[in-house]
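Colleague: I'm new to this one, so could you pick a single part and take me through it closely?

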Amino acid sequence: MTIDACIHPLCEDKEELFDYMPEPWKSRPLSEPGRYFYPAPEGEYNIEEEADAELVASNPSLLCQRVFERNGIDEAILVPLTRGLLPDLDHSMAVCRATNDWLAERWLGTKHNSKSFRGSIRVDPREPDQAVDEIERWASDKRMVQIAVPMQAGKPYGNRDYLRVWEAAAKHSLPVVIHADGGASIDFWPSPAGYYQLFMEYATLYPVNFSYHLASLVAEGVFDRFENFKVIFGDGGHDQLAPIIWRMDKDWRPTRSQMPWNQHLPSEYLDRHVRFISSGYDGPLNKDDWSTWSNISRPERTLMFGSRYPTWEYQGADRAFESADEKLRNTLLHKNASDFYGLA
Amino acid sequence: MLDAVSQLHDVCAVDELSPGQTKIIEVNGRSIGVFNVKGTFYAMNNLCPHAGAPLCLGRVTGTPVADNPYSVSWDREGEIVRCPWHSWEFDIATGKTLAGPRKSVRTYAVHQENGRLYIDLRGAR
Amino acid sequence: MIQNNEAVRKISVNVVDIDVHAAPISTEELRQYMPDEWRSRRFPDSVFNAAEAPIYVAPNKAQRYDSVSPKGGAPGSDPDFTEQQVFRDAGVDYAILIPLTVRPLPNTDHESAVCSATNSWLAATWLSKYNAHGRYRGTIRICQNDPELAVREIEKWAGHPYFVSIMLNPYSRAPLGQKQFHPIYEAAARHDLPLCLHVNRSPGMGLLTPVGYASYFFEHHALYPVTYATHLTSMLTNGIFDKYENLRVAFIEGGMSWFVPLMWRLERVWKDFGNEAYGMRRHPKNYLKNHIRFGTQPLDEPTRLPDLKRMLEWMDGGNTVMFSTDYPHWDFDDPHWVLDMLPSHMRANVLAKNALDFYKLPPMRADLGPSASVALNLPRGELQHA
């Protein structure tokens with residue numbers, strides 16, 4: 001059994017999303033969905049065995065068939081991407097609302113036998129009033145299993161500006177997936193030391209930026225404040241969690257007096273509050289190292305499979321966790337997501 | 001009278017260790033710190049369980065407390081010692097870290113008799 | 001300089017500390033070395049403050065609470081007390097001094113002048129007056145944002161017997177593998193001087209993360225590895241080690257374990273996209289042994305402490321890791337403690353040999369200055385005296 005926790009549905013054409021927007025947004029120019037910086041050298045939707053991936057991912061019945069029938073997936077969660085940090089917050093939320101309407105109408109109704117897609121509610125957490133309204137609007141639609149926000153941010157996600165949004169998420173038991181979004185917007189440098197030169201650097205390092213959000217959520221006591229608040233880091237980089245969390249744990253006792261509102265080591269929040277989507281770019285290359293590394297990095301606690309179809313990062317379930325034993329494979333391919341999202 | 005079976009070590013005259021002060025003594029190859037916390041005396045090994053720092057040389061202070069994020073107040077002034085190296089906070093009375101999982105340093109009972117302070121080398125109370 | 005004295009016994013070097021922060025007695029002392037044209041310009045003392053960062057301040061203002069000199073000077077400013085705590089108490093034989101007296105400034109001419117003052121001060125004090133025992137080595141400070149002036153500073157000190165390294169600052173405006181920094185690497189390679197990456201922070205945009213500013217020191221400090229990983233990845237993929245084949249860089253104070261999963265990730269990305277990195281001609285993992293080193297401090301403390309040994313095996317720690325204390329900073333690592341955490345077959349190399357090779361230091365030293373008060377428990381055969 002396999003759950004694919006990260007598939008990116010695409011618009012059929014540029015105009016499609018505008019059909020779901022009222023004025024004045026309908027006639028407001030909107031940036032392209034792709035990354036302006038660091039385009040994937042061989043194309044954003046270049047998958048080796050699937051030359052038609054871009055087409056399939058923009059057609060609900062084709063995608064249904066590809067995912068549930070050909071690839072044998074049992075449950076799939078769609079994470080539509082928007083445009084990242086648009087400078088006009090109202091415009092940004094209008095894009096989110098349109099995306100959610102488009103997803104619900106075009107994608108979440110399509111069935112393949114009894115299987116259908118689950119969805120994510122996009123919001124811009126920089127606009128808490130509208131974000132909370134949008135969460136409330138969709139909260140009772142059980143086809144939506146999470147909230148989606150960009151990895152890009154103007155302040156790390158533990159910051160007190162976001163609390164109302166996280167409170168609404170926790171209230172409705174909706175985890176929040178944090179995933180790189182858009183890429184022609186008002187983002188900061190992708191690294192703490194400026195712009196990378198190469199796509200290779202971006203691909204290697206950008207997912208590791210989860211660290212900043214995680215450190216912030218821990219330091220600002222968000223997990224203590226909202227026991228039911230959970231996040232998923234959607235870009236991968238799970239392997240970096242271990243060395244980063246060790247360092248956080250080590251720095252905790254010396255510095256906790258600056259943040260005296262909780263008494264837990266950072267690592268103690270992971271089981272309950274933090275998950276990662278897998279990436280084909282993570283993992284030891286040597287098969288023999290896999291078991292030792294799993295013993296250290298404990299993927300069974302926090303890792304869930306996501307194919308990232310139809311992007312260049314795509315990894316099919318058959319290739320994922322190849323070196324893991326059967327029990328661990330099943331946990332990562334199915335059980336963790338099933339438990340976390342409360343899927344049957 | 002002091003119990004003859006105990007291993008009592010004479011530290012100093014009571015009035016040689018004022019409130020807020022720490023005295024370091026060497027006994028049988030062990031370095032031990034003796035504290036006066038607002039008139040009550042405590043003693044612990046001068047060796048941080050983390051990485052071996054001379055714990056009792058650290059600053060004696062209080063600690064910030066908060067029921068909720070961002071509303072911080074100051075408490076327990078003079079009851080906490082912060083390791084001079086990595087600043088771990090230890091409760092002087094119990095020898096335990098404030099933050100969990102609790103780590104602890106060995107403590108010793110301190111007795112007063114005839115105006116003098118004695119620590120009981122048998123160990124933790 | 002040590003006189004060539006037959007009567008002075010030579011002993012073997014067992015502990016090299018690659019990260020000690022000597023400090024001036026006062027900012028006044030350092031200002032004396034500022035070039036003439038800058039000496040009368042007023043600027044904040046905090047620029048020079050080797051101890052306390054102006055922002056994101058570590059516990060106890062970043063110092064060991066017990067490192068204030070009996071004479072009352074700032075930690076790291078008193079050579080006698082430093083010798084006591086570093087040579088005697090910690091058992092260090094050689095100490096590589098990295099002065100943190102240059103916090104980046106927007107005006108690169110100004111920053112270069114502060115570098116120049118720092119290097120002159122270090123040469124005149126810790127590398128000569130205080131170095132009769134010959135156990136200190138120094139690090140050249142440069143303003144990396146002005147490579148021309150940086151190269152000039154390197155040329156000035158390259159022949160000095162006790163400057164053994166050049167410091168790069170991770171709080172930079174671009175990842176450090178990029179072309180604008182190459183003249184620095186060219187000069188370093190030409191003089192066969194290794195480089196080190198070490199933090200020295202100033203306020204402002206150097207502190208900005210990809211997702212905004214951290215609220216607390218905890219966030220900033222715990223995530224040094226992400227910054228270090230950025231620079232390492234940049235250096236590798238932008239081909240500086242192919243272009244300058246004898247170039248080598250030590251990553252100090254940024255942790256070590258992160259390197260292991262990062263390298264796996266980089267190798268995988270390289271498999272798919274390596275064509276793009278035309279400057280990097282070899283497989284990514286083939287640069288570690290000849291070009292990259294890590295300082296041990298602050299030692300990683302995995303949830304299960306013995307896991308550190310496994311991480312060190314994966315990164316060929318026996319060849320690539322070098323011991324450091326970070327004296328007199330708050331998160332100082334004592335060599336006895338570090339020793340116990342290392343796989344036994346790596347201990348002698350990590351504590352001394354890797355640094356002796358990296359910095360090209362003599363493996364025997366004159367028996368001058370304080371010796372270790374408590375001998376380190378190194379494998380037999382390592383503690384040899386002439």
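Modeller: Here's a look at where chain A and chain B meet. This is a predicted model, where local features need pLDDT of at least 70 and side-chain atom pairs count only at pLDDT 80 or more, while totals for chains, interfaces and linings use all residues. Residues are numbered from 1 along each chain as its sequence is written, chains are lettered from A and ligands numbered from 1 in written order, and side-chain values use heavy atoms, without hydrogens or water.

Chain A brings 15 residues to the contact and chain B brings 20, with contact meaning heavy atoms within 4.5 Å. About 1600 Å² is buried between the two, 53% of it from carbon and sulfur atoms; that's the accessible area (1.4 Å probe) lost on putting the parts together, summed over both.

There's 1 salt bridge between these chains, meaning a Lys or Arg side-chain nitrogen within 4 Å of an Asp or Glu carboxyl oxygen. In it, A:Arg256 pairs with B:Glu89 at 2.5 Å, N to O. On chain A's side of the contact, 6 residues are charged, 5 nonpolar and 4 polar. Here Asp, Glu, Lys and Arg are charged, Ala, Val, Leu, Ile, Met, Phe, Trp, Tyr, Cys and Pro nonpolar, and the others, Gly among them, polar.

You'll also find 7 residue pairs in polar contact across the two chains, both residues at pLDDT 80 or more. That takes N or O atoms within 3.5 Å, one able to donate a hydrogen and the other to accept it; sequence neighbours count only if both atoms are side-chain atoms.

As for confidence, chain B averages a pLDDT of 92, and 93% of its residues score at least 70; pLDDT is the predictor's confidence in each residue, from 0 to 100.
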